Amino acid sequence: MRFTLEDYQVAATESVLTGIARARRDYREDGERTAVGLTAPTGAGKTVIATAVLEGLYHGTESREADPSLTVLWLTDDPALNRQTINKILQASGGRLDANRIRFLTDTDERTLEPGFIYFVHIQALQRNSNLHAVRADGTRSDKRTHGAWDMIATTVRERGGDFVVVWDEAHRGAGTSSTDRKTIAGTIVNGGTTNIGTQQPAAPIVLGISATPERFQAAMSASGRTMRLVEVPASEVRQSGLLKDRILLRNIAEDQTADNTMLALAVADLKDATAAWKTHHESTGDRLVEPLLVIQVPPKVTEARLSEMLAVIESTWCDLSDYAVAHAFGDPHGPLKVGDKTVRYLPPEAIAGDDRARVVLFKSALTTGWDCPRAEVLVSFQGKDSYTEIAQLIGRLVRTPLAQRVDGGDDRLNEVVAYLPGFKTEHVVRVVKALTEDETVEIEVVVSPVVCERSAGVPSELFELLDTLPSYMRPRATFSTRTAQLMRLAATLNEHGLVANASKKARDWIVNQMRAADSQQQDEIDAKVSDTLALTVGTLTVGLGPEITTTTTTTDSPTMERDLDGYFTRAQRLLPDGSASWYFNDLCDRGYDEVDAGVRLAAMAGLGFKDVVERQAAEQIMTWRDAHASAVSRMPRAARDLIEPLWYLGSSPMHPTTVEARQSYAAATERIVGETTAAITTYPKHLYVIPPGTKSAGQFPVDTSKSAWEAAVLQLEVAAETLVGWYRNPSSGRYALAIPYEFGEKTLLMHPDFLFWHDDGAGDYVLDIIDPHRHDLVDAAPKWAALAKYASDHSALVRRVLAVVRDTAGNLRALDLTQDGIGEKVAAATNKDLMESLFASEGMAY
């Protein structure tokens, strides 16, 4: 893979490969047909996971043999989705799955689909009147084809069996929910039956269904009698990975007036600001430059005059947006669009993401199924108020992060999507929010009527430094299956930032030199293993059938065939970490070994456990570079530090130490949804970030405590304290939040205490109180507070009080001071509501 997979993607890939392996085994043994379902929320990288699965099938993994003879049929309901999927696969694979392995069923005229290839087809190509049929529904024969599509698929099913896998993309579309439903084209390929031209189709032995909403697919597979193996990616893990933007900002006109052009101009200005922010990020970090996109949804029957007016507004707001910068993706026409004296070029939906020249795209309705464009960051919709579901679905296509990671250390704007809804009054915005938040495939914060809060001039400036240096923890950007992979990523990053020239070559040379040294030290053992591999000892048992039965045993040595030796080398490539086998193979060949001898020697070394040797030496080189460059890295901008420092972390903890980052500003909601309308969110004074001057509630900070009366009570008491100099509402994720690791079940997670309060201790210093009101009846209360107690102990010089706050049975708030000696063990032992209440009663205090 060209991409480093997230942990959840690695786990999903392995689970899908296991499901397919069991399905193939079961089909061969007793003809059992299986559906493996991969369900993952929007932005999880379903195609990336599927690419890793295909690589695992065709090239093998550390624990699985390769099967280059497998045949895959990839099925979608749209030709544009096929093209986009192929581009994603080729991009993600980075050459392991190249274009030579991919074919289109429409270009194929063979008796069966060939082993080793991935065939793409969309259901529109198999319609009744399609030219893919050799014999049409009326019995006439095509003079352009020898073998029809249905026949090719059917013959492949019959002859290849468990070596044929159908991948059904967007599997929830067209999936019937019972055995009596009229079968769609996709359903007929999957479950068999009578085709639309009257032939009989056998059911596909093994199906991999990919979907964000798998319920209909599951129901259809159950109705067809298939064994179902479901692989689910939790939305929370996708959210934590940084692959999704943090927030969706919804802007509408609060007043009862029409100002479509004003809202469009604001959206263009927002695009201009985002462009400047991305340029700054690129220049400061070296990350790929992102050219953000404005998507404009026009009414279905928009007039040429209205289009001309919109183009004029766009150009007058930002004169750079003209000519090729503006495109359209209308279903009709599929070509240049004449608007007054201007010509707007046509851009197919699947090409939008890759066309950086396009900065504004006009379209009429929801874009093509499966379409996504991570660089689309601003949306304006002039659709009617009844289109809220469609608009919510569209916004859901815009939530992927352009760099496939959360952007930390820069402008918050880079982690947001802004949607302008000029025709939507309050009740219509409510419907959009509900449509978004009720969709379990999109887990993202929705901010209604946002206001950009700035650093407050009313709190001591030192507080921002105290926040910025507060110890915290973060998930690593990437985890590595081997230290060698970690070393190579570190090498590339050090080279990119000018710290080590030719670092990747130096890392490879280091590994090769260490393998050469170990080879020399264990030469006799390796030579013996090589001799054993080159000769196959064959035993013969001779049974004499004379008056007395006699047996004699003899052995002979035969040379191992070269084909088997190649298999040993392939296995060595899997056993030795990453590319180390190939690096040392090339080194052996450079030193005069022929390819067979070099491969056998690598196989012998792998069999003798040389993976541990390579891994130890990779870790040693990581430590060497860390010692040499840690000081220089510590003086680099935070964005560079965040990239490099986790790469030389060799600890076993899944969380890396870091510090909270004090942002410059961020958008906060000023309204919340209440029934079918909105209500203002309560604001509080003395926060580190406040609503700017000239705006309603200036100098205050909005906090929605409507779902927790405990939080409201805590705020009221703490804000009223005379010694309070400033406070911070701790976010629930991201680098701007204080995050503390805790163990829950078999996982290490991050908890985010609710509030940070700084007080003047009267001696000229500011002291920190961490206060976390939390329901004590929840199963995660004990491990979270135990972790918070450990944090208080580890950083006792930085915190004064660390309080857990609950409401007792009498309705009163009680607090437990987590800085007490030994309190962590007591909290950890309070594993249910009754035990926790007893602990608060005996060790706590009135709050």
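**Figure 1. Contacts between helices H2 and H3 in the predicted model.** Thr-47, Val-48, Thr-51, Leu-54 and Glu-55 of H2 are in contact with Thr-85, Lys-88, Ile-89, Ala-92 and Ser-93 of H3. Two packed helices are described by the angle between their axes and the distance between the axes. Here the axes of H2 and H3 (residues 79–93) come within 9 Å and cross at roughly 65 degrees. The crossing of H2 past H3 is right-handed.

**Figure 2. Environment of Glu-55 in helix H2.** Glu-55 belongs to H2, which spans residues 46–59. With a relative accessibility of 4%, Glu-55 counts as buried. Its side chain is joined to that of Ser-93 by a polar contact of 2.7 Å. Ser-93 is among the H3 residues that meet H2. Between Glu-55 and Asp-67, which are 12 residues apart in sequence, the C-alpha to C-alpha distance is 9.9 Å.

**Figure 3. The seven-stranded parallel sheet.** Seven strands form an open sheet with parallel pairing, in the order E3-E4-E2-E5-E8-E1-E9. The edges are taken by strand E3 (102–104) and strand E9 (227–232); each has a single partner strand, so one side of each is left without a neighbour in the sheet. Direction ignored, neighbouring strands of this sheet are turned by 20 degrees against each other on average. Within the sheet, strand E2 (residues 71–76) pairs with strand E5 (residues 164–169) in the parallel sense through five bridges. In this pair, Val-72 stands opposite Val-165 of E5. Helix H3 packs on the sheet and touches E2, E3, E4 and E5, its direction making about 155 degrees with that of E4. Helix H4 also packs on the sheet; H4 touches E2 and E5, and its direction makes about 135 degrees with that of E5.

**Figure 4. Ser-130 in the loop between strand E4 and helix H4.** Ser-130 is placed in the loop that lies between E4 (118–122) and H4 (149–160). Its relative accessible area is 12%, and Ser-130 is therefore buried. A polar atom of the Ser-130 side chain lies 3.0 Å from the backbone nitrogen of Leu-132.

**Figure 5. Strand E11 and its parallel partners E15 and E16.** Five of the five residues of E11 (residues 293–297) are buried, so this strand is largely enclosed by the rest of the structure. In a regular strand the side chains alternate between the two faces of the sheet. Both faces of E11 are covered, with Leu-293, Val-295 and Gln-297 buried on one side and Leu-294 and Ile-296 buried on the other. Strand E16 (residues 376–381) runs parallel to E11 and is joined to it by five bridges. The bridge partner of Gln-297 in E16 is Ser-381. Strand E15 (residues 360–363) pairs with E11 over four bridges, likewise in the parallel sense. Opposite Ile-296 stands Leu-362 of E15.

**Figure 6. The six-stranded mixed sheet and its helices.** The strand order of this open sheet is E28-E31-E32-E33-E34-E35, and the pairing is mixed. Strand E28 (724–729) and strand E35 (845–846) stand at the edges; each has a single partner strand, so one side of each is left without a neighbour in the sheet. E28 pairs with strand E31 (residues 755–760) in the antiparallel sense over five bridges. Tyr-728 has Leu-756 of E31 as its bridge partner. Helix H22 (residues 781–794) packs on the sheet and touches E32 and E33, with a direction at about 165 degrees to that of E33. Helix H21 (residues 709–719) lies across E28, E31, strand E32 (766–773), strand E33 (799–807) and strand E34 (813–817), and runs at about 10 degrees to E31.

**Figure 7. Surroundings of Thr-748 in strand E30.** Thr-748 lies in E30, which covers residues 747–751. Its relative accessible area is 15%, and Thr-748 is therefore buried. The side chains of Thr-748 and Glu-743 make a polar contact of 2.9 Å. Leaving out residues up to four places away in sequence, Thr-748 touches Arg-475, Pro-654, Met-655, Pro-741, Tyr-742 and Glu-743.

Notes:
Residues numbered from 1 in each chain as written. Predicted model: local features only at pLDDT ≥ 70, side-chain atom pairs only at ≥ 80, totals over all residues. Heavy atoms only, no water. Pairing = 2+ DSSP bridges. Helix = DSSP H or I, 4+ residues; strand = E, 2+ residues; numbered from the N terminus. Contact = heavy atoms within 4.5 Å. Axes fitted to C-alpha atoms, helices over the stretch in contact; angles between N-to-C directions. Buried < 20%, exposed > 50% of the residue type's maximum accessible area, 1.4 Å probe, protein only. Polar contact = N/O pair within 3.5 Å; in protein donor to acceptor, adjacent residues only side chain to side chain. Left-handed = near helix turned anticlockwise from the far one by under 90°.
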